[in-house]
Amino acid sequence: MSSEFGKNIKLSIFGESHGEAIGCVIDGLPSGIMLNMDEIYKDMARRAPGRDKSSTPRLEKDEPHILSGVLDYVTTGAPLAMIIENTNTKSGDYKDLMTVPRPSHSDYPAYVKYNGKNDIRGGGHFSGRLTAPLVFAGAVAKQILKTKGITIGAHIAKIGNVCDAVFDKNNISKALLEKLSSEPFSTISASAQEKMRTVIECARLEQDSVGGIIECAAVGLPVGIGANMFSTVEGHLASILFGVPAVKGVEFGAGFDFANMTGSQANDAYCIKNGRVALKTNHNGGVLGGMTSGAPLVLNVVIKPTPSISKPQKSVNLQKMEEETLIIKGRHDPCIVARAVPVIEAAVAFGLLDIMM
């Protein structure tokens, strides 16, 4: 399995959903960075299960235990190793899934690829639980980026057919991003949040699930980060974002809406603002030619509905090679979008830090 990311700062994530622990190693961090553990705990809590009524009832503390690379809360320059203990598992709920794979999950391709030897409990190494170490790594990256004047935040743009207000792509404040990145269910509009919660609850009662869209932004980026061809900001960030389970699409700026525009509508005209070159619009989401343009970096990520639902589904018995109806047991989110918001922030933060080093 390949669970590594990064060229200048390398992140390696290990563990399984129902193993003793999950964790990560971050190699290449500069020394002398003072870590605010309260900020790290805050991001970990936003992702952790069982903290909000819209998520799975599986309650995990998700407290990171740093093993190396930090002394008196300051990075030493050595690899930073961290583990999170798994304390609330019910592995028996997964004993039949090696034989009858869940639709839209990793079960079947992993069964074939690893000859049936992969850990199926809770999804094993394919579980969304492995995003907890990513959030830790991203929280560290956020603090380093903050010293460079860069702020990252995200919100739930859509769940089901309910939409939140969207960013003004050319005018996003640091204060708004900080507010959004401090909330467990992050929306710009309070009324949209109420409607989204209703959609999620309806899905739960129907033993189903719903997906959505997360809009993420970074402000304070200098001009010229990234490069052309195979070293673009979009390509680098997309590679880490698609490492997040359930992410099925990434778009920057106007994204697929460019198909409905003419060049005169899509082009971001230049102007002088406060004595500096600026853009009148930001349809390109802060990236031109693979490089940051100085405008806010804005991207959307699509999160698919949770595959593990309680409704009966059609599957097959891999031992008998017969079609079979599957009823999934266990504790699962009717919607993972809210918990995925800090994960997307973390992925963007770590990706940006890596490309900037």
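**Exercise 1. In this predicted model, work out the strand order of the open 5-stranded sheet and find which strands stand at its edges.**

Solution.
- Step 1: write the order. The sheet is open and reads β9-β8-β10-β16-β11. Its pairing is antiparallel.
- Step 2: look for strands with a single partner. These are β9 (162–163) and β11 (247–252).
- Step 3: draw the consequence. Each has one partner strand, so one side of each is left without a neighbour in the sheet.
- Step 4: inspect the pairing of β11. It joins β16 (residues 297–303) in the antiparallel sense, over 5 bridges. Within that pairing, Phe-252 has Leu-299 of β16 as its bridge partner.

**Exercise 2. Describe how β7 pairs with β3 and with β4.**

Solution.
- Step 1: take β3 (residues 21–27). It runs antiparallel to β7 (residues 80–85), and 6 bridges join the two. Ile-26 stands opposite Leu-80 of β7.
- Step 2: take β4 (residues 65–68). Its pairing with β7 is antiparallel too, over 3 bridges. Here Ile-66 has Met-82 of β7 as its bridge partner.

**Exercise 3. Check the span of helix α3 against the expected value, then decide how far the helix is enclosed.**

Solution.
- Step 1: count residues. Helix α3 covers residues 131–146, which is 16 residues.
- Step 2: apply 1.5 Å a residue. The expected span is 22 Å.
- Step 3: compare. The end C-alpha atoms lie 22 Å apart, which agrees.
- Step 4: count buried residues. There are 15 of the 16, so α3 is largely enclosed by the rest of the structure.

**Exercise 4. Place Leu-353 in its helix, classify it as buried or exposed, and list its contacts beyond four places in sequence.**

Solution.
- Step 1: locate it. Leu-353 sits in helix α8 (residues 337–356).
- Step 2: classify it. Its relative accessibility is 1%; the cut-off for buried is under 20%, so Leu-353 is buried.
- Step 3: list the contacts. Leu-353 touches Ile-9, Ala-141, Ile-144 and Leu-145, leaving aside neighbours within four places in sequence.
- Step 4: give the C-alpha separation for one of these. Leu-353 and Ala-141 are 212 residues apart along the chain, yet their C-alpha atoms are separated by 6.3 Å.

**Exercise 5. What surrounds His-236, and which side chain does it meet in a polar contact?**

Solution.
- Step 1: locate it. His-236 belongs to helix α6 (residues 233–241).
- Step 2: classify it. At 12% relative accessibility, His-236 counts as buried.
- Step 3: list the residues it touches. They are Phe-5, Gly-351, Asp-354 and Ile-355, not counting residues up to four places away in sequence.
- Step 4: pick out the polar contact. The side chains of His-236 and Asp-354 are joined at 2.8 Å.

**Exercise 6. Characterise the second largest pocket and find which strand gives the most to its lining.**

Solution.
- Step 1: state the volume. The second largest pocket holds about 570 Å³ of space.
- Step 2: describe the lining. It consists of 19 residues; Lys-273, Val-277, Ala-278, Gly-294 and Ala-295 lie nearest the centre.
- Step 3: assign strands. β12 (270–273) and β13 (276–279) each supply at least two lining residues. β13 gives the most, with 4 residues.
- Step 4: look at the loop between these strands. It contains Asn-274. This residue is exposed, with a relative accessible area of 76%. Its phi is near 55°, a positive value in a residue other than glycine.

Notes. Residues are numbered from 1 along each chain as its sequence is written. This is a predicted model: local features need pLDDT of at least 70, side-chain atom pairs count only at pLDDT 80 or more; totals for chains, interfaces and linings use all residues. Side-chain values use heavy atoms; hydrogens and water are left out. Two strands pair if DSSP finds at least two bridges between them. The expected span of a helix is 1.5 Å times one less than its number of residues. Buried means under 20% relative accessible area, exposed over 50%, partly exposed in between (1.4 Å probe, protein chains only). A polar contact is a pair of N or O atoms within 3.5 Å; within protein, one must be able to donate a hydrogen and the other to accept it, and residues adjacent in sequence count only if both atoms are side-chain atoms. Contact means heavy atoms within 4.5 Å. On a 1 Å grid over the protein atoms alone, a cavity is a set of points where a 1.4 Å probe fits but cannot get out, and a pocket is an open set with protein on both sides within 12 Å along at least five of seven lines; lining residues have an atom within 4 Å of a point. Grid points are joined across faces, edges and corners, and a volume is the space filled by probe spheres set on the points.
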